[in-house]
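Please open the structure in your viewer and follow along, selecting each part as it is named.

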Amino acid sequence: MQASPGSRLRRLLPLLALGLAPLPLAAQSDADISGQISGRSFTRIKIATPAAAAEPPARDAADEVLATIRDDLEFSGFFDVVDPALYRLVPPAPPGSPRHADWSAIGADALVETRVGTAGRRIDVEARLHDNPSGTLLFARRYGGDLELARRVAHQVSDDLVRHYTGRSGVALTRIAFVSRHGTGKEIYLMDYDGRRVRRLTTTGTINLSPAWSPDAEELAFVSWRGRQPGIYRMSAEGELRRLESVAGELSAAPDWSPDGSQIVYSSDPDGNTELYLLDVARGRNRRLTHNPAIDTSPAFSPNGREIAFTSDRSGSPQIYLCDAEGLNVRRLTRTGGYNDSAAWSPRADRLAYASRVEGRFQIFVLDLASERAVALTEGPGNNENPRWSPDGRHLVFASDRAGSYDIYTMRADGSDVRRLTRGGDAYTPDWSR
Amino acid sequence: MHHSRPGSILLLLLALTGVVTGCKKRAAEVTPEQPAAQEPARPQAPPQREIEDTFPTEPVRDAVEPPRDIRYWNELGVLRTVFFAFDSHDLSASTQATLRENATWLKAHPDYRFVIQGHCDERGTIEYNLALGERRAAAVRDYLATLGVTRSRMRILSYGEERPAARGHDEAAWSQNRRAEFLLEE
C-alpha cells in the first residue's frame with residue numbers, strides 16, 4: 001500500500017529523534033514562529049511543556065528535568081510557558097505525533113516533548129521541539145550524563161531551545177561564583193545561575209574574595225589571604241591552583257580578565273598606595289597603568305579589550321573613570337553621587353553597571369555610555385553592591401543586605417524580577433560566567 | 001495541514017547527509033501498517049550530547065602553628081590595636097601614644113618580625129575598603145619607622161571590611177572595626 005505523506009513523516013520522526021543536528025527546514029511555512037524574534041522587539045513564544053515521558057523508576061528524575069526546563073524558559077524572558085493546568089485538555093498521542101491542532105487550541109504555538117530514562121547512575125533525555133501551527137518538528141536531540149547532573153542536562157535542553165529561536169545560547173548552563181562565610185573564613189563558592197547546586201571550591205580557613213571568571217569560563221581568578229601576602233590566584237576547571245605573578249606589593253586585589261584571556265588587570269600597592277597593573281599571563285610580565293597618589297582600584301576590561309573602567313579617588317572621593325589599555329587618556333565617567341565604585345561592562349559595551357552611595361546606602365546604577373545618563377536599578381532599604389552582567393546582557397547579579405545580611409540576587413537589566421539566590425550565608429562579590 | 005512538502009524535503013536532506021541511524025524500537029511510534037522490513041538497519045548506539053561538570057572542592061591543608069613564644073606574646077596582646085576616624089587614615093593623638101608604647105616594646109625585642117593589619121568598618125565598598133585598610137596599615141608602619149623601628153621587620157596587609165572585630169551595624173561596632181592590629185610572626 002502506498003504510504004501517505006503523513007505516515008511517511010511519522011516513520012521518519014523516530015530517526016530524527018536520535019542525535020542528528022537540527023535539520024534546516026528550508027520550506028518553512030508562514031506559520032513558523034521563529035520569525036517572531038528579530039532585532040530588539042519580539043513576541044514571547046507561547047510554549048507548552050507537558051510532563052516528560054518516563055518509566056516509573058525515572059519518574060522523579062523526569063519531574064526534575066521538566067521543572068528545570070520550565071523555570072529556565074520562564075527566566076529567559078523569551079517564552080510564555082502555557083499553563084500546565086490546560087495540558088489535560090489535549091488528548092494523549094503517540095510520541096513524535098502530537099496533536100498539533102489541540103495544542104494550538106490551548107494557545108501553545110510551540111511544544112516541547114521530552115522523554116527521560118535512567119539506568120544506574122546515568123540519565124538520558126530526549127527532547128523534541130514542535131511548531132504547532134505548521135505541524136513540523138523543529139529539532140530532536142538526545143542528551144546524557146551522570147544522574148547527579150540531571151539539572152545540568154535539563155539546562156542544556158533549555159539553552160538549545162533558546163538558541164533555536166534567538167540564534168544564541170541561553171544562560172541556563174552558566175554559573176555564578178561568589179564568596180560566602182564558612183567557619184572562621186570566607187571561601188569561594190559556585191552555584192548554578194538559578195541558585196541551585198551550591199558548592200564550595202576553596203578550603204583555606206581564611207579570607208578569599210572577588211572571584212573573576214576567565215572569558216572561556218575555564219578558570220577563576222580570585223584574591224586569597226592563604227599565603228603570607230594576600231594575592232591573586234587562578235583555579236582551573238580541574239582544580240589546579242596557581243598564584244599570579246603580580247607585582248610585589250602588600251596587597252594585590254580586584255582581578256579582571258581581558259576579553260581574550262591573555263591579560264589580567266588588577267590593583268596592587270607597591271609604594272604605599274593602590275595602583276592599577278596589567279599582567280601578561282603567559283609571559284608573567286607586569287606593566288603599571290596608573291601613577292598618582294590616589295587610590296586606583298576595581299578595574300574592569302571593556303568587552304573589546306581597548307578600555308578599562310576603574311575607580312579612583314583622585315578628585316577627592318571614589319568615582320568611576322575610563323582609560324585605555326595602556327593607562328592613558330583617562331577621563332571621568334560618573335558626575336553624580338559622592339561615592340561610585342565597582343564598574344561592570346555590559347557584554348555589548350553599551351552600558352556600565354556600578355554601585356553608587358545614595359543617602360548613605362549603596363544602590364545599583366546603570367550608565368548608558370552613549371547618552372551618559374545614569375538610571376538607578378535598585379532602591380529602598382539596605383545596600384546593593386558588586387553588580388555583574390549575565391553573558392547575554394539581559395540580567396545582573398549583585399549582593400544585597402536588603403533582607404538583613406548579604407545574599408546574592410539576580411534581576412533583569414531593567415531592575416525587574418529580583419530573585420534571591422542564597423539564604424543567610426553572608427554572601428558577597430558574585431561574578432557570572434559565560 | 002498538508003505535510004507532503006516538508007516530508008519530501010526531509011527525505012531529500014536525509015539522503016544528502018547519507019545518515020543511517022538506528023532507532024530504539026518503541027511500539028507506540030510504529031503504526032500497525034508499517035512493515036518491520038522498512039526499518040533501517042541499526043549499527044552502533046546513536047550519538048548523544050554528554051553533559052559534564054567542573055571545578056572540584058580543594059582538599060583540606062594542614063594548619064601551620066607559629067612557634068610558642070610568638071603565640072604567647074600575641075595572645076597576651078603586647079602590641080596594642082590602634083583606631084581610626086571614619087574614612088580616614090590619620091593617626092590621632094591617642095593612637096600615636098599607643099604606637100609609642102608599641103615601639104618601646106619592639107625596640108626591646110629586636111628579633112621579632114611583625115605584620116600590621118589594616119581594617120575598615122562595613123560602610124563603603126569591599127574593594128575601596130581594601131585600599132583604605134592598606135593606607136591605615138601603611139600610616140602606622142611609617143610612624144613606627146620614625147620612632148626607630150626597623151622597616152625590614154615590618155610588613156603590612158589589609159583585610160578591608162572582611163574581618164570585623166565587632167559585628168553590629170552602628171557606630172559602637174564601626175568604631176571598633178576601624179583599626180590596625182599587630183601580629184608577631186616568624
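In this predicted model, begin by selecting A:Tyr321, and then look across to strand E22 of chain A, where A:Arg332 is its bridge partner. The strand to colour next is E21 (residues 319–324) of chain A, which pairs with E22(A) in the antiparallel sense over 2 bridges. If you now widen the selection, you will find an open sheet of 4 strands in chain A, in the order E19-E20-E21-E22, with antiparallel pairing. Strand E19 (296–301) and strand E22 (331–332) of chain A are at the edges, and each has a single partner strand, so one side of each is left without a neighbour in the sheet. Strands of a sheet pair through backbone hydrogen bonds, so it helps to switch on the backbone display here.

Next, stay in chain A and select the open sheet whose 4 strands follow the order E10-E9-E8-E31, again with antiparallel pairing. Its edge strands are E10 (199–200) and E31 (427–432) of chain A, each of which pairs on one side only. Within this sheet, strand E8 (residues 175–182) of chain A runs antiparallel to strand E9 (residues 185–192) of chain A, and 8 bridges join them; select A:Phe178 to find its bridge partner in E9(A), A:Tyr189.

Finally, move to chain B and select helix H3 (residues 93–108) and helix H4 (residues 126–146), whose axes come within 10 Å and cross at roughly 60 degrees. That angle makes H3(B) oblique to H4(B), and the crossing is right-handed. Where the helices meet, show B:Gln96, B:Leu99 and B:Ala103 in H3(B) together with B:Val140, B:Tyr143 and B:Leu144 in H4(B); the residues of this contact divide into 5 nonpolar, 1 polar and no charged.

Definitions and conventions:
Residues numbered from 1 in each chain as written. Chains lettered and ligands numbered in written order. Predicted model: local features only at pLDDT ≥ 70, side-chain atom pairs only at ≥ 80, totals over all residues. Pairing = 2+ DSSP bridges. Axes fitted to C-alpha atoms, helices over the stretch in contact; angles between N-to-C directions. Parallel < 35°, antiparallel > 145°, perpendicular 65-115°, else oblique. Left-handed = near helix turned anticlockwise from the far one by under 90°. Contact = placed C-beta atoms within 7 Å. Nonpolar A, V, L, I, M, F, W, Y, C, P; charged D, E, K, R; others polar.
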